[in-house]
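Visitor: I'd like to learn how to read a fold like this one, feature by feature. Could you walk me through it?

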Amino acid sequence: MIRILFAALAALGIALAQPAAAQPYPNRPVKIIVPTPAGGPVDVMARILANALPPFLGQNVIVENRAGAGNTLGSKAAAAADPDGYTLLVSAASGLIMSPMVYKNAGYDENSFAPVALIAETPQVLVANRGAPFNSVAELVTYAKANPGKLNYSTGGAGTLPHLTAELFKQLSGTDIVHVPYKGGGPALTDVVAGQVPMTFDTLGTSLQFIREGKLKALAVSNQTRLAELPNVPAMPEVGYGAINSGAWVALLAPLGTPSAIVARLNQAANAALASPPMKEALTRLSAQPRGGTAEDLARHMKAEHDKWGPIVAKLGLKEE
């Protein structure tokens with residue numbers, strides 16, 4: 001009798017377990033790792049996406065910041081996560097493409113991830129503290145040449161897009177401006193606003209309000225043409241630096257090996273979120289352009305970015321331990 005009871009319970013256990021195992025993805029909250037501190041451009045984009053995804057995924061989405069070492073700490077953790085669709089990465093060109101080129105032991109590269117979707121893109125702007133002794137790119141170059149090694153610029157870390165953009169600017173302008181790396185774009189911009197560092201390259205979305213409030217001076221936008229948000233600010237080609245044309249983009253990725261069905265489900269949800277009014281409005285406030293598309297579109301974009309920045313990193317000779 002006891003044996004029959006155990007057998008019946010075991011059978012019942014199997015029967016109860018089967019529906020749980022067959023539950024469609026996702027059946028619990030999804031986590032997005034952001035390899036930058038809270039408040040920076042990538043973090044802001046990730047949180048907008050995390051807020052917009054639940055209606056289309058049917059689960060809550062949480063954001064976990066793991067900052068440090070030029071975006072490599074969080075990126076490496078995401079690459080090593082279980083490929084089950086419950087730990088994702090939102091990153092930018094800085095952490096995904098450039099940092100693995102710059103850091104000798106990053107422990108990952110863009111091929112460590114399954115592309116899901118390109119989320120958004122926003123131009124960069126060269127900004128200076130309102131008390132900086134220059135009001136244009138030409139005045140900045142003149143000042144820097146008259147004071148070699150005395151002018152600083154901040155970024156979210158070595159290998160980030162602002163870092164490479166600034167180093168390219170230094171090379172093209174023949175100036176000696178010292179890099180001051182921070183643990184993320186948010187703190188780097190905060191210290192420019194506070195006057196601790198005179199200048200930086202930053203995304204338009206996070207700088208625009210400070211520019212409008214007069215707390216930052218916008219010297220030029222890293223775009224081929226002027227922007228509607230800053231019609232009086234010249235584009236880099238206008239001031240003689242046409243090679244500096246780099247928008248900051250963010251993408252959603254999963255660990256390599258994530259099942260294609262889960263990647264497709266995430267891609268579908270990301271595109272639906274991008275088309276939703278709340279996310280459109282949030283991106284508009286940041287002067288960011290929604291992108292979307294297929295996972296294959298993102299894979300092609302990542303390869304193009306790798307091919308674009310690889311020679312620049314090699315030419316600049318940038319290496320970090």
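**Reading the model**

Guide: Let's begin with a loop: the one between helix H11 (277-285) and S11 holds Ser 287. Keep in mind that this is a predicted model.

Visitor: What is the phi of Ser 287?

Guide: First the general idea: most residues other than glycine have a negative phi. Ser 287 is not a glycine, yet its phi is positive, at about 60°.

Visitor: And peptide bonds? Is the one from Tyr 25 to Pro 26 cis or trans?

Guide: Most peptide bonds are trans. The bond from Tyr 25 to Pro 26 is cis, and its omega is near -5°. As for location, Pro 26 sits in the loop between helix H1 (2-21) and S1.

Visitor: Now the sheets. What is the strand order in the open sheet of six strands?

Guide: Read across the sheet rather than along the chain. Here the order is S2-S1-S3-S10-S4-S11, and the pairing is mixed. Strand S2 (61-65) and strand S11 (289-290) are the edge strands, each pairing on one side only.

Visitor: How many bridges join S4 to S10?

Guide: Eight bridges link strand S4 (residues 113-122) with strand S10 (residues 248-255), and the two run antiparallel. To find your place in that pair, take Ala 120, whose bridge partner in S10 is Val 250.

Visitor: Which strands does helix H4 lie across?

Guide: Helix H4 (residues 72-79) lies across strand S1 (30-34), strand S3 (87-92), S4 and S10. Relative to S3, H4 runs at about 145°.

Visitor: What is the handedness of the β-α-β unit made by S6, helix H7 and S7?

Guide: Follow the path from strand to helix to strand. With helix H7 (residues 161-173) between them in the unit's name, S6 and S7 form a right-handed β-α-β unit. Strand S6 (residues 151-155) and strand S7 (residues 177-181) run parallel, joined by five bridges. One of the pairings puts Ser 154 opposite Val 180 in S7 as its bridge partner.

Visitor: Last topic, empty space. How many cavities of 30 Å³ or more does a search of the whole structure find?

Guide: The idea is that rolling a probe the size of a water molecule over the atoms shows where empty space is left. In this model the search finds one cavity of 30 Å³ or more. The largest cavity holds about 360 Å³ of space.

Visitor: Which residues lie nearest its centre?

Guide: Pro 41, Val 42, Pro 162, Gly 185 and Thr 203 do, out of 33 residues lining the largest cavity. By class, that lining has 16 nonpolar, 16 polar and one charged residues.

Methods
Residues numbered from 1 in each chain as written. Predicted model: local features only at pLDDT ≥ 70, side-chain atom pairs only at ≥ 80, totals over all residues. Heavy atoms only, no water. Pairing = 2+ DSSP bridges. Helix = DSSP H or I, 4+ residues; strand = E, 2+ residues; numbered from the N terminus. Right-handed = clockwise from strand over helix to strand, strands pointing away. 1 Å grid on protein atoms, 1.4 Å probe; cavity = no way out; pocket = protein on both sides within 12 Å on 5 of 7 lines; lining within 4 Å. Points joined across faces, edges and corners; volume = space filled by probe spheres on them. Nonpolar A, V, L, I, M, F, W, Y, C, P; charged D, E, K, R; others polar. Contact = heavy atoms within 4.5 Å. Axes fitted to C-alpha atoms, helices over the stretch in contact; angles between N-to-C directions.
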